[in-house]
Amino acid sequence: MNFQPPPGVVTVPIRLNRPEDVKTAIDNLEAKVLNVKRGIEELLLSLDAQDKVSWPAFTAKCSSLASDLSTLQANMRKSLLTNSNEDNGEFIKNQLILPHTISPDVNPHLMALTENRVPVWNHETAPSFLRTKLAPLIEDE
């Protein structure tokens, strides 16, 4: 059974080197980033909910976030693979990860994944999200 994309949708064939390792690395990165995101959200919610926050609780939460970020950084050096040698992230850097489809239509699954920040993945939005450098205006500042 051949899959036919809807009109206006471009599909990109992708061949990965060691696809299981790439999927594992991306899954590990998503889990760790989600953990850091939850920690930041909890900190911001606690700051919003209270007029005064105890200094020891605040510094404990900040040190916990710093620890999570340094763990994420250390895992990036090991390419997010369990029991792997430190390769300074060369495995991840050498992988080309592209979106499977580019579509002009609003994608509810994409909206759910991005918490309603990105409604479509098209030729206008893809370059800004795949950018590896800051936008020129921001870099000039």
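## A nonpolar patch on the surface

Leu 29, Val 33 and Met 76 together make a nonpolar patch of about 200 Å² on the surface of this structure, which is a predicted model. One of these three residues, Val 33, lies in helix α1, the helix that covers residues 19-49. Because its relative accessibility is 40%, Val 33 counts as partly exposed, a class that falls in between buried, under 20%, and exposed, over 50%.

## The chain as a whole

The protein chain contains six helices and two strands, and when it is followed from the N terminus on, these elements appear in the order β-α-α-α-β-α-α-α. The accessible surface of the chain comes to about 11,200 Å², and 57% of that area belongs to carbon and sulfur atoms.

The protein chain has 141 residues, of which 18% count as buried. Among the contacts in the chain with a separation of 6 or more, 47% are accounted for by residues that stand 24 or more positions apart.

## The largest nonpolar core

Which residues form the largest nonpolar core? This core has five residues, namely Ile 102, Leu 110, Val 118, Trp 121 and Ala 126. When residues up to four places away in sequence are not counted, Val 118 touches Leu 110, Met 111 and Phe 129. Of these contacts of Val 118, Leu 110 is also a member of the core.

Notes:
Residues numbered from 1 in each chain as written. Predicted model: local features only at pLDDT ≥ 70, side-chain atom pairs only at ≥ 80, totals over all residues. Heavy atoms only, no water. Patch = residues over 30% accessible without salt bridge, like charges linked within 9 Å, V, L, I, M, F, W, Y side chains within 5 Å. Areas by Shrake-Rupley, 256 points an atom, 1.4 Å probe, with all protein chains shown as cover. Salt bridge = Lys/Arg side-chain N within 4 Å of Asp/Glu carboxyl O. Helix = DSSP H or I, 4+ residues; strand = E, 2+ residues; numbered from the N terminus. Buried < 20%, exposed > 50% of the residue type's maximum accessible area, 1.4 Å probe, protein only. Contact = heavy atoms within 4.5 Å. Core = buried A, V, L, I, M, F, W, Y, C linked by side-chain atoms within 4.5 Å.
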